[in-house]
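Dear colleague,

I am passing on the model we spoke about, with my notes on it below. Please look through the structure first, and then read on for what was found in it.

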Amino acid sequence: MNHSEPGRAPRVGVVVIGYNDAVHVTTAVRSALAQGPAVREVVAVDDCSTDHSVEALTRLAATEPRVTVVRRRVNSGGCGSPRNTGLDRVTSPYVMFLDSDDVLPPGAVDALLTAATGACAEVASGLCVRRELPGRREVPWQAPLYASHAVFERPAQRPRLVHDTLCVNKLYRTDFLREHGIRFPEGRFHYEDFVFTARVLAARPRIALVPDRVYIWHVRRSADRLSISLDRADIANWRARTEASRLAYDILLGAGQKELARAARAKFLDHEVRIYARELGLHDAHYQRAWWAHTRAYLAEYDASDWAHNPTAPGRLIGRVVLASPEPRDLPRLRDLAARPARLLPPYAHACDGTPLWSADLPEPTLDALLTRPVRLLPLAVDAELHPRARSALLRLRLHELYGRVAQAGPEALEVEWRCRETGRAAGPRTRVALTSSPSPDGVWSARTTVHWAAFSGVPGPYGPSSASRTWDLRLRVRFQGGAYREVTAHALTSAGPLRRRAVVGAGHAVVLVQPYVTHSGALALRVAPGSRGVMSVVRSRLRRLLHWHTHT
């Protein structure tokens, strides 16, 4: 095969899969066609839809010769079977996968094909961006992997590759997949990407990475039918995710990829466990016990080497607590530890010899590794208490001691910033407030500052008018002597009373609707709706959430 052909030569087949998604599937197909002449064919696989998906695709194919429509006779219940069907029909040297409710951004195929052919790589991978709808906030997926162009002769040179389990932000050489028999799990198998990606890595491909945006993953949390990764209300979802992670580990280990297999287990702790631990307190006691028992059984398969590296990393620490206790416990504390960045809340217990412990009644796991961890990585806990008034609010902040490490580093100040979740913009410059130490023996440093509601009014953003409802996250930076600092979020306290929505005065004496609230990870945040238009958007959003909750409970 001649890898020196221009990147735009017609060499790529895009497999688009969908089920009952007539509203979006043609948009996905058109985004693949819009990539230009590099795309030779688009194979649209319908998984036996009962809506008008096939009719919409057939009409499109009648005007576009590059589109082939394949309708499966029986619904598979998953994403793996339709992707395999599409892979069997592809005739192009390279193949990509696209879901019906997502899109390829302009230039994605060219960027990946140029990288693959230029490096003679079997796989080329780029940046996927999660776009929250309808707000259009964008969050890059596994951004550290895609900071710059890179080529790896084998995956073991970059173990973090196991963290990017998506199959859709990658271009594969078709004959590489076929020669190694690499396919997706068939049927109703959730998290099929985990297994497919493990099979790809186990085959030791040469991999090229590009910093370009190559995939837009649309996240519709208010949709009637949530995606598999978002629909975590039932314990079956966790069992499916665990089983996929176990199978991925077995595939890598069976292929002799011990380093990648160990990295996959570490990824399960750092990613999967932290996601579900953040939400554990939202479920009933039956779910919590089932989750705890299932997680304990899975983590019991880990060996000493899986726990040895970085034992106080948040995911590993959560896993060690789960193993140490037969019943669910300390869920609020685990929720904060699972946050990003992690927060380890009091109590801070010690053994008789001074060894830091998880708690007095749970001596294992020990936390002695915290004594040598760099201060910029410590799971520092800052409490935040908001006292709203008509035109402003008083924000009280308390930084807790952590086994003497905070005092040792010499805390000087907190830098306070409110950042808009939808736009990424800040409500003004950071505010620096001095920390004062408390005479109490538990070691607490305090600070206070004023939050002016006018700062949240009329802040422009790229995705909508300034009067739109926004969510603002409190971001803090703890400053220490010598220039060291630690980025943290604040644990929300409600001792000042319930966090109720209230009307306040914003910029230009305009009415602003403000609601402080506690996020799933226990942090303090604000919902701010400037003006009547913003107030109505909050009301409509609230009604949608209520309707969605009633539909799925």
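Among the contacts in the chain between residues at least 6 apart in sequence, 72% join residues at least 24 apart. Please bear in mind throughout that this is a predicted model. The chain has 553 residues, of which 55% are buried, and its secondary structure comes to 14 helices and 24 strands. The exposed area is about 23,600 Å², with carbon and sulfur atoms supplying 53% of it.

The nonpolar interior is the next topic. The largest nonpolar core contains 159 residues, and those with the most contacts inside it are Phe-97, Leu-395, Trp-418 and Leu-474. Helix H8 gives the most to this core, with ten residues. Leu-395 shows how such a position is surrounded: leaving out residues up to four places away in sequence, Leu-395 touches, among others, Val-416, Trp-418, Val-451, Leu-474 and Leu-524, and its partners also include Glu-385 and Arg-448.

Turning to the helices, H9 covers residues 285–299, and its 15 residues reach 21 Å from the first C-alpha to the last, close to the 21 Å expected at 1.5 Å a residue. Its buried residues are Tyr-287, Gln-288, Ala-290, Trp-291, Trp-292, Thr-295, Tyr-298 and Leu-299. An α-helix has 3.6 residues a turn, so residues three or four places apart point the same way. The buried residues of H9 pack against five helices, namely H7 (235–254), H8 (258–279), H10 (304–308), H11 (314–324) and H12 (331–337).

Helix H11 is mostly covered, with nine of its eleven residues buried; these include two arginines, Arg-316 and Arg-320, alongside residues such as Leu-317, Ile-318, Val-321 and Val-322. The buried residues of H11 pack against H8, H9, H10 and H12, and also against strands E11 and E12. H11 lies across E11 and E12, and runs at about 145° to E12.

Those strands belong to an open sheet of three, in the order E10-E11-E12, with antiparallel pairing. Its edge strands, each pairing on one side only, are E10 (349–350) and E12 (362–366). E10 and E11 (residues 356–359) run antiparallel and are joined by two bridges, and His-350 stands opposite Pro-356 in E11.

A second open sheet has five strands in the order E17-E18-E14-E13-E21, and here the pairing is mixed. E17 (436–437) and E21 (491–492) are the edge strands, each of them pairing on one side only. Strand E13 (residues 382–388) pairs with E21 in the parallel sense over two bridges, and the bridge partner of Ala-384 in E21 is Ala-492. Ala-384 also appears among the residues that Leu-395 touches.

One further position is Val-488, in strand E20 (residues 485–489). Is Val-488 buried or exposed? Its relative accessibility is 3%, and Val-488 therefore counts as buried, the cut-off for that class being under 20%. Apart from neighbours within four places in sequence, Val-488 is in contact with Pro-341, Leu-380, Val-382, Arg-475, Leu-476 and Val-478. Val-488 and Ala-339 are 149 residues apart in sequence, while their C-alpha atoms are 9.7 Å apart in space.

With best wishes

Technical notes: Residues are numbered from 1 along each chain as its sequence is written. This is a predicted model: local features need pLDDT of at least 70, side-chain atom pairs count only at pLDDT 80 or more; totals for chains, interfaces and linings use all residues. Side-chain values use heavy atoms; hydrogens and water are left out. Helices (H or I, at least four residues) and strands (E, at least two) are DSSP runs, numbered from the N terminus. Buried means under 20% relative accessible area, exposed over 50%, partly exposed in between (1.4 Å probe, protein chains only). Contact means heavy atoms within 4.5 Å. Accessible areas come from the Shrake-Rupley method with a 1.4 Å probe; for residues, only the protein chains shown count as cover. The expected span of a helix is 1.5 Å times one less than its number of residues. Two strands pair if DSSP finds at least two bridges between them. Axes are lines fitted to C-alpha atoms, for helices over the stretch in contact, and angles run from 0 to 180 degrees between N-to-C directions. A nonpolar core is a set of buried Ala, Val, Leu, Ile, Met, Phe, Trp, Tyr and Cys residues joined through side-chain atoms within 4.5 Å.
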